[in-house]
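Visitor: Hello! I am new to protein structures, and I would love a short tour of this one.

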Amino acid sequence: MNCKRAKETLPLYAGGDLSADEADNVSAHLQQCASCRQFHESLASQHALLRSLRQTTATPAALASMRQGLFPRLATQQLGWWVRLERLLLVEARRPRLAFAGAAIAVIISATFFAQLWQVTANPTVAIFEDSDTLRLPADYRDWIVLGTASTLPHSGNIFVSPAAYQEYQRLGRFPEGTVMVLESKAANMGGITLEASVKDRRFNEGWGYFRFDGGAEGPAKKTRALPESAGCLACHRDRGI
Amino acid sequence: MELLMTRLPDSETAPETLEIETLVRKTLAGDCRAFEQIVLQYERRVMTLSSRLLHGIDEAQDATQEVFLRAFKYLHRLDVRRPVEPWLMRITVNVCRDIQRKTQRRHYTFCEVPLPETETPGRGPDPYSGFAWEQERQRLWTALNALPEKERMALILRDVEGFSTAEVAEILGSSETTVRSQICRGRLRLKEAMDRKTGDQS
């Protein structure tokens with residue numbers, strides 16, 4: 001250890017604030033270095049003087065006069081409602097029976113919450129994309145509300161929309177972001193069911209994206225990419241606002 | 001090294017036998033008298049620290065009252081399994097900071113700061129009695145009060161009050177590393193100030 005390092009740690013050494021190893025290092029250096037020893041002695045006597053201040057304390061007279069002011073204020077102190085509420089929660093929570101009841105309520109609430117979350121995830125009412133533009137077919141669309149029947153070419157068939165989206169439409173007069181509308185049509189040329197969907201999503205041009213789930217031997221595809229703008233969907237849909 | 005050989009200051013007397021947990025429970029149940037018992041146990045410690053952190057007996061008295069009013073209000077936050085003193089000291093530090101902020105008073109840097117009006121317990125002879133020592137103590141106290149506020153607080157708590165570094169960190173609401181470096185810097189600065197003054201006088 002050199003003198004520079006020693007002088008940096010000596011203030012801590014003088015107050016006994018170093019670990020045993022560090023202190024040993026400093027002691028070893030002090031054995032050899034007279035200048036640091038002198039530095040330390042002055043720090044140590046300063047430390048002792050500081051400690052000596054500890055012996056003086058507040059006088060009984062000052063304490064008594066403080067108490068005279070304090071005790072009447074204590075007796076009349078009104079606690080705010082938030083303090084009383086916090087006190088109730090904290091103090092009561094320390095009692096086992098109430099703590100148990102609290103824990104039970106917490107379990108019930110969180111179980112309900114997770115059950116709902118699971119329900120929502122399993123049967124989403126908004127569009128689920130696998131990457132930026134691959135839409136997953138909502139498995140339960142047939143349980144949705146039939147919004148109407150399309151008869152304008154090239155579409156014909158029933159239009160389904162999720163109850164949640166429909167409720168919001170009734171309440172606010174517009175469909176929420178993520179709304180999926182599914183059109184189920186019997187396409188004569190395929191023999192099977194063809195599904196088409198429009199999704200309200202601001203990432204698409206003018207806020208709506210269009211999709212077709214082509215039918216195959218095992219029914220319609222489970223997912224599909226967005227139709228390109230060149231498919232011309234927007235031209236007709238724009239006039240209808242959806 | 002004669003100084004280090006002298007009698008170490010008496011540590012604080014052990015807390016009175018009255019069970020603090022019982023007193024806290026009684027107070028929370030609405031018994032004001034029980035809290036008065038708590039005040040009696042800790043008033044000296046709180047007021048002594050206040051008078052060191054602030055200036056003048058009036059400020060210290062106001063601070064002590066405020067500390068106990070706050071402690072009374074937030075007593076339910078106290079964890080009775082842990083020592084009460086650091087908790088009260090923390091409130092004391094906060095109250096004193098508030099008072100300092102309110103009065104906008106910086107510490108007297110250039111003039112002499114009187115030692116707080118205190119008494120020395122009359123147990124045996126005080127090794128630091130005598131006029132020369134008194135003067136030296138006064139010089140040290142003035143120099144201590146001229147330190148930057150954070151270093152001053154850390155030094156008062158660690159060296160004068162005798163809390164451990166960990167306790168000081170808890171009381172000041174900062175980390176142990178920070179407190180350690182504040183203490184180190186404070187002691188060094190204090191020594192420089194004392195050396196400088198000695199130089200002036202000779």
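Visitor: Is Arg225(A) buried or exposed?

Guide: Welcome! Keep in mind that this model is predicted. A residue counts as exposed when its relative accessible area is over 50%. Arg225(A) has a relative accessibility of 52%, so Arg225(A) is exposed.

Visitor: Which residue forms a salt bridge with Arg225(A)?

Guide: Side chains of opposite charge can pair when their charged atoms come close. For Arg225(A), the closest N and O atoms of the pair are 3.6 Å apart. The two residues are 92 positions apart, with Arg225(A) in strand E10 of chain A and its partner in the loop between helix H6 and strand E2. That partner is Asp133(A).

Visitor: And is Asp133(A) buried or exposed?

Guide: The cut-off for buried is under 20% relative accessible area. Asp133(A) has 19%, so the answer is buried.

Visitor: How far apart in space are Phe211(A) and Asp133(A)?

Guide: Phe211(A) sits in strand E7 of chain A, and its contacts include both Asp133(A) and Arg225(A). Along the sequence, Phe211(A) and Asp133(A) are 78 residues apart. From C-alpha to C-alpha, their separation in space is 9.5 Å.

Visitor: Let's move to chain B. How many of the twelve residues of H7(B) are buried?

Guide: Helix H7 of chain B runs over residues 149-160 and reaches 15 Å from its first C-alpha to its last, close to the expected 16 Å. The helix is mostly covered. Among its buried residues are Met153(B), Leu155(B) and Asp159(B). The count of buried residues is eleven.

Visitor: Which residue forms a salt bridge with Asp159(B)?

Guide: The partner lies in helix H9 of chain B, 28 residues away from Asp159(B) in helix H7. Both members of the pair are buried. Their closest N and O atoms are 2.8 Å apart, and the partner is Arg187(B).

Visitor: Which residues do salt bridges join into one network with Asp159(B) and Arg187(B)?

Guide: Salt bridges that share partners can be followed from one residue to the next. Here they join Asp159(B) and Arg187(B) with a residue of chain A and another of chain B. Those two are Asp17(A) and Arg158(B).

Visitor: One last stop: which residue's backbone oxygen does the side chain of Thr179(A) reach?

Guide: Thr179(A) is in the loop between helix H7 and strand E5 of chain A. With 1% relative accessibility, Thr179(A) counts as buried. Its side chain reaches a backbone oxygen at 2.5 Å, and that oxygen belongs to Pro176(A).

Terms used: Residues are numbered from 1 along each chain as its sequence is written. Chains are lettered from A and ligands numbered from 1 in the order in which they are written. This is a predicted model: local features need pLDDT of at least 70, side-chain atom pairs count only at pLDDT 80 or more; totals for chains, interfaces and linings use all residues. Side-chain values use heavy atoms; hydrogens and water are left out. Helices (H or I, at least four residues) and strands (E, at least two) are DSSP runs, numbered from the N terminus. The expected span of a helix is 1.5 Å times one less than its number of residues. Buried means under 20% relative accessible area, exposed over 50%, partly exposed in between (1.4 Å probe, protein chains only). Contact means heavy atoms within 4.5 Å. A polar contact is a pair of N or O atoms within 3.5 Å; within protein, one must be able to donate a hydrogen and the other to accept it, and residues adjacent in sequence count only if both atoms are side-chain atoms. A salt bridge is a side-chain nitrogen of Lys or Arg within 4 Å of a carboxyl oxygen of Asp or Glu. Lists of a residue's contacts leave out its neighbours within four places in sequence.
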